[in-house]
Amino acid sequence: MNWGNGFTKGEQNQLLDVLHKVKDPEIDSVSIIELGMVEKIDGDKQVIHIYLLPTFMGCPALDIIKSTVLKALASIEWIQHANVYYLNDPPWTSDRVTPEGRERLKEFGIAPPPKIDVMKGGWEVSCPYCDSLYTTMENLFGPTACRSILYCKSCKNPFEAMKPLSTLM
Amino acid sequence: MNELLSTEEKRAVIELLYQLADDDFIISYRGSEWLGLAPHIEEDVAFSSISQDTMGHAAMYYQLLEELGEKDRDYLSHARKSNERKNAVLLELVNGEGHYLHEPRYDWAFTVVRHYYYSQAKKVKIESLKQSSYPPLAAAAVKISMELHYHLMHWTVWFTQLLNAGGEAKKRMLKAIAKVEAEFEDVLSLGPLSKEIVKAQLIEEESRLLLSFHANINAVFNDLSIPYKGEFTSLSGRGRFGEHTEDLSEALNTLGEVYHSDPGAVW
Ligand SMILES: [Zn+2]
């Protein structure tokens with residue numbers, strides 16, 4: 001994540017605190033910072049600009065996230081005006097999810113996006129409940145654009161995994 | 001960045017963006033008509049997810065058009081008349097007999113072949129667009145390519161499995177392939193401004209796109225031991241030139257109903 005030079009360290013921390021409270025409405029244990037969606041924070045106290053990266057482009061949660069960010073920023077008294085933009089460049093890729101984000105996803109019962117190179121054969125996804133690698137893909141496409149449905153043959157639980165997205169694809 | 005484009009280049013970018021946007025928009029609509037009707041529940045989930053992604057791609061192209069001074073993206077997607085649309089005719093054709101609300105007897109073989117061929121063509125274009133001279137389009141291509149990877153994977157499974165199944169499945173698939181190829185020239189056409197589009201280095205020329213397409217598809221047909229003719233025509237019209245069928249007018253009436261009830265509404 002990049003910062004413009006319009007903010008003091010204290011202000012940066014305050015902004016981070018507030019943005020950490022903005023969750024993905026479809027996975028409400030993970031913040032947009034943990035998902036790696038915040039690319040840049042620029043501007044100054046008069047006008048602040050937040051640049052976000054969409055995960056999947058047709059994701060219906062994008063507008064909700066945008067308005068939640070605006071509401072969250074309204075809680076900081078020194079901000080006069082805020083703008084939120086979505087950028088396509090750089091593209092969001094699943095390696096942007098932070099280590100904390102990967103843990104939060106597991107807590108929600110969703111396997112974090114596998115780190116392996118998807119171009120070389122299938123992916124290896126470990127079960128978010130028992131960590132077993134003895135899992136099978138049931139449906140590449142899940143209930144939301146960013147998730148697939150899998151099954152764990154060890155603990156016999158169905159679970160979801162975040163699809164890996166990589167520019168190598 | 002827009003200031004750097006000459007008038008001729010800007011016209012070419014706009015023309016190409018309409019083709020890309022309208023293609024994704026209408027095929028995504030046809031896909032959405034399958035909701036609840038797909039062969040099984042897993043397919044229902046997968047197909048609606050693919051259609052949602054594809055609508056996202058259309059929305060992004062319409063957004064780029066809006067940024068170039070065209071009308072707002074809701075207007076561009078919903079309010080433009082049939083003869084203003086630049087999508088390939090193949091993508092607007094109905095899914096089959098019947099109607100979504102009354103006795104839909106849609107053709108799954110046609111749907112699989114249309115989506116498979118379209119995804120392959122889209123892949124060829126997207127790879128070329130990654131090197132586009134227009135930076136917003138090149139960035140969009142990188143983004144779309146990641147999602148398209150999964151779409152193509154999905155349709156490849158259906159395409160090869162139904163053809164390998166033999167019997168009735170194979171018969172219907174071969175019939176669908178003939179129907180799709182009879183319209184497919186339009187899909188890889190760059191329309192009336194193709195020269196300007198290529199001159200501005202927005203995308204490679206038609207003949208090169210076609211060569212890449214043939215090479216990719218030929219390999220798949222070889223594995224299936226099916227002869228690949230690769231002879232395409234524009235049987236029902238050339239959509240890139242604004243020629244369309246009654247199927248498109250009807251689709252536009254249906255999908256525009258809510259929009260036209262209150263064009264100023266904020267969604
Ligand atoms: Zn398990």
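Buried area is the accessible area that two parts lose on being put together, summed over both. Keep that in mind for the views below, which all come from a predicted model.

**Figure 1. Where chain B meets chain A.** Put these two chains together and about 2,100 Å² gets buried between them. Carbon and sulfur atoms account for 66% of that area. On the chain B side 23 residues take part in the contacts, and they touch 26 residues of chain A. Three residues of chain B are worth picking out here: B:Lys143, B:Met146 and B:Tyr150 supply 35% of the area that chain B buries against chain A, more than any other three residues.

**Figure 2. The zinc site in chain A.** Four cysteines hold the zinc ion through their SG atoms: A:Cys127, A:Cys130, A:Cys152 and A:Cys155. The coordination distances run from 2.2 to 2.4 Å. Along the chain, the donors follow the spacing C-x2-C-x21-C-x2-C. What about the geometry? The four donor atoms subtend angles of 103 to 117 degrees around the zinc ion, so the arrangement is tetrahedral. For anyone checking against the textbook, the ideal angle for four tetrahedral donors is 109.5 degrees.

**Figure 3. Two zinc ligands, two levels of exposure.** Look at A:Cys127 first, then at A:Cys130. A:Cys127 has a relative accessible area of 0%, so this residue is buried. A:Cys130 comes in at 35% relative accessibility and therefore counts as partly exposed. The cut-off for buried is under 20%, while exposed means over 50%.

**Figure 4. The two domains of chain A.** The domain assignment splits out domain 1 (2–86) and domain 2 (101–162). Their C-alpha centres lie 28 Å apart. Eight residues of domain 1 are in contact with 10 residues of domain 2. Between them the two domains of chain A bury about 860 Å², with 71% of it on carbon and sulfur atoms.

**Figure 5. Chain A, element by element.** Chain A has three helices and 10 strands. Reading from the N terminus, the elements go β-α-β-β-β-β-α-β-α-β-β-β-β. The C-alpha trace spans about 55 × 30 × 25 Å along its principal axes. Of the 169 residues in chain A, 50% count as buried. Take the contacts in chain A between residues at least 6 apart in sequence, and 54% of them join residues at least 24 apart.

**Figure 6. The largest nonpolar core.** This core has 133 residues, and those with the most contacts inside it are B:Tyr61, B:Tyr117, B:Phe159, B:Phe184 and B:Phe213. Helix 5 (residues 135–164) of chain B gives the most to it, with 13 residues. Domain 1 and domain 2 of chain A both give residues to this core, so the core lies between them. In soluble globular proteins, nonpolar side chains tend to be buried together.

**Figure 7. A closer look around B:Phe213.** Which residues does B:Phe213 touch, leaving aside its neighbours within four places in sequence? The contacts are B:Tyr117, B:Gln120, B:Ala121, B:Val124, B:Phe184, B:Leu188, B:Tyr228 and B:Phe232. Two of these, B:Tyr117 and B:Phe184, are also named among the residues with the most contacts inside the core.

**Figure 8. B:Glu257 in helix 10.** B:Glu257 is found in helix 10 (residues 257–261) of chain B. Its relative accessibility is 57%, so B:Glu257 counts as exposed. B:Ile14 is 243 residues away in sequence, with 26 Å between the two C-alpha atoms.

Terms used
Residues are numbered from 1 along each chain as its sequence is written. Chains are lettered from A and ligands numbered from 1 in the order in which they are written. This is a predicted model: local features need pLDDT of at least 70, side-chain atom pairs count only at pLDDT 80 or more; totals for chains, interfaces and linings use all residues. Side-chain values use heavy atoms; hydrogens and water are left out. A nonpolar core is a set of buried Ala, Val, Leu, Ile, Met, Phe, Trp, Tyr and Cys residues joined through side-chain atoms within 4.5 Å. Buried means under 20% relative accessible area, exposed over 50%, partly exposed in between (1.4 Å probe, protein chains only). Helices (H or I, at least four residues) and strands (E, at least two) are DSSP runs, numbered from the N terminus. Domain bounds come from an automatic or database domain assignment. Contact means heavy atoms within 4.5 Å. Donors are N, O and S atoms within 2.8 Å of the metal (3.2 Å for Na, K and Ca); water is not among the atoms, so sites may look incomplete. Four donors count as tetrahedral if all angles lie between 85 and 135 degrees; four count as square planar and six as octahedral if opposite donors are over 155 degrees apart and all others between 65 and 115; anything else is irregular. Buried area is the accessible area (1.4 Å probe) that two parts lose on being put together, summed over both.
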